[in-house]
Amino acid sequence: MAYELIEVRTEAGKVGIVTLNRPKQLNALNNQLMDELGAALKSFDADPAIGCMIITGSEKAFAAGADIGAMASWSFKDVYKDDYITRNWETIRGIRKPVIAAVSGFALGGGCELTMMCDFIIAADNAKFGQPEIKLGIIPGAGGTQRLPRAIGKAKAMDMALTGRMMDAAEAERSGLVSRVVPLDKLMDEALAAALVICEFSQIAVMAAKESVNRAFETGLSDGVMFERRMFHALFATADQKEGMDAFVNKRKAQFRNE
Ligand code: CAA
(Lines give C-alpha, C1' and ligand atoms only; values in the text may rest on other atoms or scores of the structure.)
Protein backbone atom coordinates (compact mmCIF):
# COMPACT_ATOMS: atom_id res chain seq x y z
CA MET A 1 0.00 0.00 0.00
CA ALA A 2 1.30 3.48 -0.88
CA TYR A 3 1.08 5.85 2.05
CA GLU A 4 0.41 9.59 1.73
CA LEU A 5 -0.26 10.77 5.28
CA ILE A 6 2.21 8.61 7.17
CA GLU A 7 5.85 7.66 6.66
CA VAL A 8 6.89 4.11 7.33
CA ARG A 9 10.39 2.75 7.87
CA THR A 10 12.24 0.07 9.79
CA GLU A 11 15.30 0.40 12.03
CA ALA A 12 17.87 -2.38 12.39
CA GLY A 13 15.46 -4.58 10.45
CA LYS A 14 13.52 -5.14 13.69
CA VAL A 15 11.66 -2.00 14.69
CA GLY A 16 8.77 -0.70 12.59
CA ILE A 17 8.41 3.08 12.78
CA VAL A 18 5.33 5.01 11.67
CA THR A 19 5.57 8.81 11.52
CA LEU A 20 2.29 10.68 11.24
CA ASN A 21 2.78 13.18 8.44
CA ARG A 22 0.16 15.92 8.00
CA PRO A 23 2.35 18.74 9.32
CA LYS A 24 0.18 21.64 8.13
CA GLN A 25 -2.79 20.27 10.09
CA LEU A 26 -0.65 19.32 13.11
CA ASN A 27 -1.22 15.66 12.19
CA ALA A 28 -4.99 15.95 12.63
CA LEU A 29 -6.36 12.43 12.27
CA ASN A 30 -8.69 11.82 9.36
CA ASN A 31 -10.05 8.58 7.95
CA GLN A 32 -7.31 8.23 5.35
CA LEU A 33 -4.57 8.69 7.93
CA MET A 34 -6.19 6.21 10.30
CA ASP A 35 -6.66 3.68 7.48
CA GLU A 36 -2.99 4.04 6.53
CA LEU A 37 -1.88 3.75 10.16
CA GLY A 38 -4.00 0.62 10.63
CA ALA A 39 -2.60 -0.97 7.47
CA ALA A 40 1.03 -0.15 8.40
CA LEU A 41 0.71 -1.53 11.92
CA LYS A 42 -1.00 -4.72 10.72
CA SER A 43 1.72 -5.24 8.15
CA PHE A 44 4.49 -4.82 10.77
CA ASP A 45 2.59 -7.11 13.15
CA ALA A 46 2.51 -9.83 10.50
CA ASP A 47 6.24 -9.49 9.69
CA PRO A 48 8.22 -12.07 11.72
CA ALA A 49 11.36 -9.87 11.59
CA ILE A 50 9.63 -7.00 13.43
CA GLY A 51 9.68 -7.22 17.22
CA CYS A 52 8.32 -3.80 18.20
CA MET A 53 6.70 -0.72 16.66
CA ILE A 54 6.93 3.00 17.35
CA ILE A 55 4.35 5.63 16.42
CA THR A 56 5.57 9.21 16.39
CA GLY A 57 4.66 12.61 14.94
CA SER A 58 6.47 15.91 14.45
CA GLU A 59 8.26 18.09 16.96
CA LYS A 60 5.23 20.41 17.19
CA ALA A 61 2.51 17.79 17.22
CA PHE A 62 2.15 14.08 17.76
CA ALA A 63 -1.45 14.68 16.68
CA ALA A 64 -3.80 17.58 17.50
CA GLY A 65 -6.85 15.32 17.46
CA ALA A 66 -9.45 14.19 15.00
CA ASP A 67 -9.73 16.45 11.96
CA ILE A 68 -12.20 19.12 13.07
CA GLY A 69 -12.65 20.54 9.57
CA ALA A 70 -13.69 17.11 8.28
CA MET A 71 -15.96 16.44 11.27
CA ALA A 72 -17.71 19.80 11.32
CA SER A 73 -20.49 18.88 8.89
CA TRP A 74 -20.91 15.22 9.82
CA SER A 75 -24.33 13.96 10.92
CA PHE A 76 -25.35 11.23 13.35
CA LYS A 77 -25.80 8.87 10.39
CA ASP A 78 -22.26 9.58 9.17
CA VAL A 79 -20.64 8.88 12.51
CA TYR A 80 -22.94 6.10 13.75
CA LYS A 81 -24.11 4.14 10.73
CA ASP A 82 -21.17 4.81 8.42
CA ASP A 83 -18.63 4.82 11.28
CA TYR A 84 -16.77 7.83 9.84
CA ILE A 85 -14.86 8.66 12.95
CA THR A 86 -14.05 5.49 14.81
CA ARG A 87 -13.35 3.33 11.78
CA ASN A 88 -9.89 1.91 12.32
CA TRP A 89 -9.34 3.68 15.64
CA GLU A 90 -9.41 0.42 17.51
CA THR A 91 -7.12 -1.37 15.05
CA ILE A 92 -4.21 -0.67 17.32
CA ARG A 93 -5.88 -2.69 20.09
CA GLY A 94 -5.63 -5.78 17.93
CA ILE A 95 -1.89 -5.39 17.34
CA ARG A 96 -0.18 -8.20 19.25
CA LYS A 97 3.41 -6.97 19.31
CA PRO A 98 4.36 -3.96 21.44
CA VAL A 99 3.64 -0.45 20.17
CA ILE A 100 5.42 2.53 21.76
CA ALA A 101 4.13 6.10 21.36
CA ALA A 102 7.03 8.57 21.05
CA VAL A 103 5.32 11.89 21.71
CA SER A 104 6.54 15.44 21.17
CA GLY A 105 4.34 18.52 21.03
CA PHE A 106 0.56 18.33 21.12
CA ALA A 107 -1.23 15.03 21.78
CA LEU A 108 -4.80 16.28 22.00
CA GLY A 109 -8.22 14.70 21.65
CA GLY A 110 -7.89 11.69 19.38
CA GLY A 111 -4.12 12.25 19.45
CA CYS A 112 -4.06 11.74 23.21
CA GLU A 113 -6.39 8.76 22.80
CA LEU A 114 -4.08 7.27 20.18
CA THR A 115 -1.12 7.51 22.57
CA MET A 116 -3.18 5.69 25.22
CA MET A 117 -3.98 2.87 22.78
CA CYS A 118 -0.22 2.26 22.54
CA ASP A 119 1.43 0.03 25.13
CA PHE A 120 3.43 2.81 26.71
CA ILE A 121 4.29 6.42 26.07
CA ILE A 122 7.72 8.03 25.99
CA ALA A 123 7.34 11.81 25.96
CA ALA A 124 9.63 14.65 24.97
CA ASP A 125 9.83 17.48 27.48
CA ASN A 126 7.71 19.69 25.18
CA ALA A 127 4.80 17.20 25.05
CA LYS A 128 1.31 18.38 25.96
CA PHE A 129 -1.60 16.02 26.51
CA GLY A 130 -5.26 16.96 26.61
CA GLN A 131 -8.86 16.01 25.89
CA PRO A 132 -10.25 19.37 24.70
CA GLU A 133 -13.34 17.93 22.97
CA ILE A 134 -15.62 19.63 25.52
CA LYS A 135 -14.69 22.97 23.91
CA LEU A 136 -16.16 21.68 20.62
CA GLY A 137 -19.48 20.61 22.11
CA ILE A 138 -18.57 16.91 22.12
CA ILE A 139 -16.74 14.42 24.33
CA PRO A 140 -13.75 12.16 23.63
CA GLY A 141 -14.79 9.46 21.18
CA ALA A 142 -11.80 7.14 20.91
CA GLY A 143 -11.58 5.84 24.46
CA GLY A 144 -10.44 8.99 26.32
CA THR A 145 -13.10 8.86 29.03
CA GLN A 146 -12.25 5.21 29.69
CA ARG A 147 -8.47 4.98 29.31
CA LEU A 148 -7.60 8.31 30.93
CA PRO A 149 -9.15 7.47 34.35
CA ARG A 150 -7.52 4.04 34.23
CA ALA A 151 -4.16 5.73 33.53
CA ILE A 152 -4.27 8.77 35.83
CA GLY A 153 -7.26 8.29 38.14
CA LYS A 154 -10.67 9.93 38.26
CA ALA A 155 -9.69 13.34 39.67
CA LYS A 156 -7.24 14.28 36.96
CA ALA A 157 -9.23 12.57 34.20
CA MET A 158 -12.35 14.53 35.15
CA ASP A 159 -10.32 17.75 35.38
CA MET A 160 -8.99 17.23 31.85
CA ALA A 161 -12.25 16.05 30.28
CA LEU A 162 -14.37 18.77 31.90
CA THR A 163 -12.05 21.77 31.61
CA GLY A 164 -10.23 20.73 28.43
CA ARG A 165 -6.94 21.88 29.94
CA MET A 166 -3.61 20.49 28.79
CA MET A 167 -1.16 18.55 30.92
CA ASP A 168 2.55 19.09 30.30
CA ALA A 169 5.10 16.27 30.12
CA ALA A 170 6.20 16.60 33.75
CA GLU A 171 2.62 16.39 35.04
CA ALA A 172 1.89 13.51 32.66
CA GLU A 173 4.84 11.57 34.05
CA ARG A 174 3.89 12.36 37.68
CA SER A 175 0.35 11.22 36.93
CA GLY A 176 1.39 7.92 35.37
CA LEU A 177 0.24 8.71 31.85
CA VAL A 178 3.74 8.45 30.39
CA SER A 179 6.53 6.11 31.37
CA ARG A 180 9.52 8.37 30.65
CA VAL A 181 10.20 12.02 29.80
CA VAL A 182 13.36 12.88 27.84
CA PRO A 183 14.78 15.99 26.16
CA LEU A 184 13.18 16.57 22.76
CA ASP A 185 16.37 15.81 20.83
CA LYS A 186 16.66 12.43 22.58
CA LEU A 187 13.07 11.28 22.00
CA MET A 188 13.60 8.91 19.08
CA ASP A 189 16.90 7.60 20.49
CA GLU A 190 15.14 6.70 23.73
CA ALA A 191 12.12 5.12 21.99
CA LEU A 192 14.36 3.17 19.64
CA ALA A 193 16.58 1.97 22.49
CA ALA A 194 13.50 0.73 24.36
CA ALA A 195 12.20 -0.98 21.22
CA LEU A 196 15.53 -2.68 20.58
CA VAL A 197 15.62 -3.99 24.16
CA ILE A 198 12.18 -5.53 23.60
CA CYS A 199 13.33 -7.02 20.27
CA GLU A 200 16.07 -8.95 22.07
CA PHE A 201 13.52 -11.00 24.02
CA SER A 202 11.37 -13.93 22.97
CA GLN A 203 8.52 -12.59 20.84
CA ILE A 204 6.26 -15.22 22.38
CA ALA A 205 7.04 -14.05 25.93
CA VAL A 206 6.74 -10.40 24.91
CA MET A 207 3.33 -10.99 23.35
CA ALA A 208 2.20 -12.95 26.41
CA ALA A 209 3.36 -10.16 28.73
CA LYS A 210 1.47 -7.57 26.68
CA GLU A 211 -1.68 -9.68 26.60
CA SER A 212 -1.51 -10.30 30.36
CA VAL A 213 -0.98 -6.66 31.30
CA ASN A 214 -3.85 -5.65 29.01
CA ARG A 215 -6.04 -8.26 30.68
CA ALA A 216 -5.67 -6.27 33.93
CA PHE A 217 -7.90 -3.60 32.38
CA GLU A 218 -10.62 -6.06 31.39
CA THR A 219 -11.05 -8.33 34.43
CA GLY A 220 -11.18 -8.51 38.20
CA LEU A 221 -8.03 -9.49 40.12
CA SER A 222 -8.79 -13.23 40.52
CA ASP A 223 -9.59 -13.75 36.84
CA GLY A 224 -6.62 -11.64 35.81
CA VAL A 225 -4.22 -13.56 38.05
CA MET A 226 -5.58 -16.86 36.73
CA PHE A 227 -5.14 -15.65 33.14
CA GLU A 228 -1.55 -14.65 33.94
CA ARG A 229 -0.87 -18.02 35.58
CA ARG A 230 -2.08 -19.95 32.53
CA MET A 231 0.09 -17.80 30.23
CA PHE A 232 3.03 -18.34 32.59
CA HIS A 233 2.45 -22.10 32.53
CA ALA A 234 2.14 -22.09 28.73
CA LEU A 235 5.54 -20.43 28.29
CA PHE A 236 7.16 -23.56 29.74
CA ALA A 237 6.17 -25.24 26.46
CA THR A 238 8.42 -22.90 24.46
CA ALA A 239 12.00 -23.46 23.36
CA ASP A 240 12.66 -19.83 24.32
CA GLN A 241 11.99 -20.62 28.00
CA LYS A 242 14.57 -23.41 27.86
CA GLU A 243 17.02 -21.12 26.08
CA GLY A 244 16.50 -18.17 28.45
CA MET A 245 16.99 -20.23 31.59
CA ASP A 246 19.87 -22.29 30.20
CA ALA A 247 21.61 -19.05 29.17
CA PHE A 248 21.21 -17.65 32.69
CA VAL A 249 22.46 -20.84 34.36
CA ASN A 250 25.47 -21.04 32.02
CA LYS A 251 26.21 -17.31 32.23
CA ARG A 252 25.82 -16.59 28.52
CA LYS A 253 23.56 -14.30 26.48
CA ALA A 254 20.29 -15.92 25.43
CA GLN A 255 19.60 -16.34 21.72
CA PHE A 256 15.84 -16.47 21.39
CA ARG A 257 14.39 -18.03 18.25
CA ASN A 258 10.76 -17.14 18.89
CA GLU A 259 9.82 -20.79 19.15
N1 CAA B 1 -8.24 19.33 13.11
C2 CAA B 1 -8.01 20.01 11.96
N3 CAA B 1 -7.07 20.97 11.84
C4 CAA B 1 -6.34 21.26 12.92
C5 CAA B 1 -6.53 20.60 14.16
C6 CAA B 1 -7.54 19.57 14.22
N7 CAA B 1 -7.77 18.84 15.33
N8 CAA B 1 -5.67 21.12 15.06
C9 CAA B 1 -4.96 22.06 14.40
N10 CAA B 1 -5.37 22.15 13.13
C11 CAA B 1 -4.86 23.06 12.09
C12 CAA B 1 -5.34 24.48 12.31
O13 CAA B 1 -6.63 24.65 11.80
C14 CAA B 1 -4.29 25.27 11.56
O15 CAA B 1 -4.59 25.21 10.19
P16 CAA B 1 -4.45 26.56 9.30
O17 CAA B 1 -3.00 26.90 9.35
O18 CAA B 1 -4.90 26.11 7.92
O19 CAA B 1 -5.31 27.58 9.91
C20 CAA B 1 -3.02 24.46 11.78
O21 CAA B 1 -3.44 23.16 12.17
C22 CAA B 1 -2.15 25.02 12.88
O23 CAA B 1 -2.97 25.16 14.06
P24 CAA B 1 -3.00 26.53 14.92
O25 CAA B 1 -2.78 27.71 14.03
O26 CAA B 1 -4.26 26.50 15.73
O27 CAA B 1 -1.71 26.30 15.82
P28 CAA B 1 -1.48 26.84 17.30
O29 CAA B 1 -0.06 26.51 17.62
O30 CAA B 1 -1.93 28.24 17.46
O31 CAA B 1 -2.45 25.92 18.24
C32 CAA B 1 -3.44 23.87 18.99
C33 CAA B 1 -2.22 24.54 18.34
C34 CAA B 1 -3.54 24.31 20.45
C35 CAA B 1 -3.16 22.36 18.93
C36 CAA B 1 -4.72 24.23 18.23
O37 CAA B 1 -4.53 24.02 16.86
C38 CAA B 1 -5.92 23.45 18.66
O39 CAA B 1 -6.50 23.72 19.69
N40 CAA B 1 -6.33 22.43 17.87
C41 CAA B 1 -7.52 21.66 18.10
C42 CAA B 1 -7.32 20.64 19.18
C43 CAA B 1 -8.60 19.86 19.43
O44 CAA B 1 -9.62 20.42 19.75
N45 CAA B 1 -8.52 18.53 19.32
C46 CAA B 1 -9.65 17.65 19.55
C47 CAA B 1 -10.33 17.31 18.25
S48 CAA B 1 -11.85 16.39 18.50
C49 CAA B 1 -11.37 14.77 18.68
O50 CAA B 1 -10.20 14.46 18.66
C51 CAA B 1 -12.49 13.78 18.82
C52 CAA B 1 -12.10 12.43 19.29
O53 CAA B 1 -12.00 12.17 20.46
C54 CAA B 1 -11.86 11.34 18.32
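This passage describes strands, helices, a ligand site and some individual residues of a predicted model.

In the predicted model, an open sheet is formed by four strands, which follow the order β4-β6-β8-β9 and pair in a mixed manner. The edges of this sheet are taken by β4, residues 61-63, and β9, residues 166-168; each of the two has a single partner strand, so that one side of each is left without a neighbour in the sheet. On average, and with direction ignored, neighbouring strands of the sheet are turned by 20 degrees against each other. The edge strand β4 pairs with β6, residues 106-108, in the parallel sense, and two bridges make up this pairing. Within the pair, Ala-63 is found opposite Ala-107 of β6.

Strand β6 also contributes to the surroundings of the ligand, since each of β6, α2 (68-71) and α4 (110-117) supplies at least two residues of the shell. The shell comprises 22 residues, of which Lys-60, Ala-66, Gly-110, Glu-113 and Glu-133 come nearest to the ligand. Sorted by class, the residues of the shell are 12 nonpolar, five polar and five charged. Lys-60 places a polar side-chain atom 2.8 Å from an oxygen atom of the ligand. Backbone atoms take part as well: a polar backbone atom of Ile-68 lies 2.9 Å from a nitrogen atom of the ligand, and a backbone N or O atom of Gly-141 is 3.0 Å from an oxygen atom of the ligand. On its own the ligand has 990 Å² of accessible area, and the protein covers 61% of it.

Helix α4, one of the elements that supply residues to the shell around the ligand, is itself buried in eight of its eight residues, so the helix is largely enclosed by the rest of the structure. The buried residues of α4 are Gly-110, Gly-111, Cys-112, Glu-113, Leu-114, Thr-115, Met-116 and Met-117. Two of these names, Gly-110 and Glu-113, also appear among the residues that come nearest to the ligand.

A comparable description applies to strand β5, residues 99-103, where five of the five residues are buried, so that this strand too is largely enclosed by the rest of the structure. From β5, the residues Val-99, Ala-101 and Val-103 point one way, whereas Ile-100 and Ala-102 point the other way, and all of them are buried. The strand has parallel pairings with β3 and with β7. With β3, residues 52-56, strand β5 pairs in the parallel sense over four bridges, and in this pairing Thr-56 stands opposite Ala-102 of β5. With β7, residues 120-124, β5 is likewise joined by four bridges, and the two strands run parallel. Here the bridge partner of Val-103 is Ala-123 in β7.

Ala-123 also provides a reference point for Lys-186, as the C-alpha atoms of these two residues are separated by 9.9 Å although the residues lie 63 residues apart along the chain. Lys-186 belongs to the loop between β10 (180-182) and α8 (187-200). With a relative accessible area of 41%, Lys-186 is partly exposed.

An antiparallel pairing is found between β1 and β2, which are joined by six bridges. In this pairing Arg-9 stands opposite Ile-17 in β2. The two strands form a hairpin with three residues between them, and Ala-12, which lies in the turn, has a positive phi of about 55 degrees. This positive value occurs although Ala-12 is not a glycine. The loop that holds Ala-12 connects β1, residues 6-11, with β2, residues 15-20, and Ala-12 is exposed there, its relative accessible area being 57%.

A positive phi is also found at Asn-258, where the angle is about 60 degrees although the residue is not a glycine. Asn-258 is placed in the segment after α11, residues 239-249. The residue is partly exposed, with a relative accessible area of 32%.

Technical notes
Residues are numbered from 1 along each chain as its sequence is written. This is a predicted model: local features need pLDDT of at least 70, side-chain atom pairs count only at pLDDT 80 or more; totals for chains, interfaces and linings use all residues. Side-chain values use heavy atoms; hydrogens and water are left out. Two strands pair if DSSP finds at least two bridges between them. Axes are lines fitted to C-alpha atoms, for helices over the stretch in contact, and angles run from 0 to 180 degrees between N-to-C directions. A residue is near a molecule or strand if one of its heavy atoms lies within 4 Å of it. A polar contact is a pair of N or O atoms within 3.5 Å; within protein, one must be able to donate a hydrogen and the other to accept it, and residues adjacent in sequence count only if both atoms are side-chain atoms. Accessible areas come from the Shrake-Rupley method with a 1.4 Å probe; for residues, only the protein chains shown count as cover. Ala, Val, Leu, Ile, Met, Phe, Trp, Tyr, Cys and Pro count as nonpolar, Asp, Glu, Lys and Arg as charged, and the others, Gly among them, as polar. Buried means under 20% relative accessible area, exposed over 50%, partly exposed in between (1.4 Å probe, protein chains only).
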